[in-house]
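Please open the structure in your viewer and keep the selection panel within reach, since each stop of this tour begins with something to select.

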Amino acid sequence: DFQLELTDPSTAPCPDDGPDVIAGVCGQPFQVAVANAGDAHILGVTGELDWAISSDLIVGINAEWLEAETDTEIDEGTLFIPKGSDLPVTPEWTGAAWATYSYPVERISGSAYARLQWSYSSSTLSNIEPSPLVDDNPYPQFKNESYNIGDLYLGLQGETWDVSLFVTNLTDERATYNHLRQGGWSQYNFSEGRDHIAPIYTNRPREFGLRVIKRWGD
């Protein structure tokens, strides 16, 4: 069993003998409903490998494959979700790779290290209902494209402290995690000359930084 959140863009009028607006019920557009929506399954395989090539160099990779689909057909008037539809915001493939090189530095009674890591996610769908991206559709289904993000760390580490320089999101990737579920595409922005707006949840841009960590106590 799974639950599904749907947005109804219509405006239902409130009863004449009641208030003009009841949140989530009547008198306003974009009513959001959460309901049981049949059966679904998630099957997957995850694998990870860490390899100490030497006492100084460790590399690793992991990967995950998921099949996340509905098991029942939903047909409720204007809402139709076929059996076998992909569950939203669930990538079929994800993976990562990393390498850490470290060596002792006697002068600081510690070590120096460098770490490079990279992660990947395949594309996802913004919502479960197959809904076209056309002008008169207020709640279309978007495809969130695949993305990969890499980070680099260079540092010195002592018994109770750690100092590192880092660059996150090396390629300045603009990943789309998902689209805003309500409003969004159906809205207009006349001041900027746009017919539609597609707000997205995205990652942070490339960042450079210095991180200092100090530990006290046992």
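The tour goes from a sheet to a pair of strands, then to a core and a few single residues.

Before you begin, keep in mind that what you see is a predicted model.

**The sheet.** Select the strands β3, β4, β7, β8, β11, β12 and β15, which in that order make up an open sheet of seven strands with antiparallel pairing. Which strands stand at the edges? They are β3, covering residues 40-52, and β15, covering residues 207-214; each has a single partner strand, so one side of each is left without a neighbour in the sheet. On average, and with direction ignored, neighbouring strands of this sheet are turned by 15 degrees against each other. If you wonder what holds such an arrangement together, strands of a sheet pair through backbone hydrogen bonds, either parallel or antiparallel.

**One pair of strands.** Now select residues 147-157, which form β11, together with residues 161-168, which form β12; the two strands pair in the antiparallel sense over seven bridges. Within this pair, colour Tyr 153 and look across to β12, where Phe 166 stands opposite.

**The core.** Next, show the side chains of Phe 2, Leu 4, Ala 37, Ala 68, Ile 74, Leu 79, Ile 81, Leu 87 and Ile 128, the nine residues of the largest nonpolar core. Centre the view on Leu 4 and, leaving aside its neighbours within four places in sequence, look for its contacts, among them Ala 37, Ile 81 and Ile 128; Ala 33, Val 34 and Ala 35 are in contact with Leu 4 as well.

**A threonine in β4.** Move on to Thr 70, which lies in strand β4, residues 57-70. Is Thr 70 buried or exposed? Its relative accessibility is 3%, and because buried means under 20%, Thr 70 counts as buried. Beyond its neighbours within four places in sequence, Thr 70 has contacts that include Phe 2, Leu 87 and Ile 128, and also Asp 39, Ala 40 and Pro 82.

**Two loop residues.** Finally, select Val 89 in the loop between β6 (79-81) and β7 (93-105), and then Asp 172 in the loop between β12 and β13 (176-179). Most residues other than glycine have a negative phi. Val 89, however, has a positive phi near 50 degrees, and the phi of Asp 172 is positive too, near 55 degrees. Val 89 counts as partly exposed at 40% relative accessibility, and Asp 172 is partly exposed with a relative accessible area of 27%.

Definitions and conventions: Residues numbered from 1 in each chain as written. Predicted model: local features only at pLDDT ≥ 70, side-chain atom pairs only at ≥ 80, totals over all residues. Heavy atoms only, no water. Helix = DSSP H or I, 4+ residues; strand = E, 2+ residues; numbered from the N terminus. Buried < 20%, exposed > 50% of the residue type's maximum accessible area, 1.4 Å probe, protein only. Contact = heavy atoms within 4.5 Å. Core = buried A, V, L, I, M, F, W, Y, C linked by side-chain atoms within 4.5 Å. Pairing = 2+ DSSP bridges. Axes fitted to C-alpha atoms, helices over the stretch in contact; angles between N-to-C directions.
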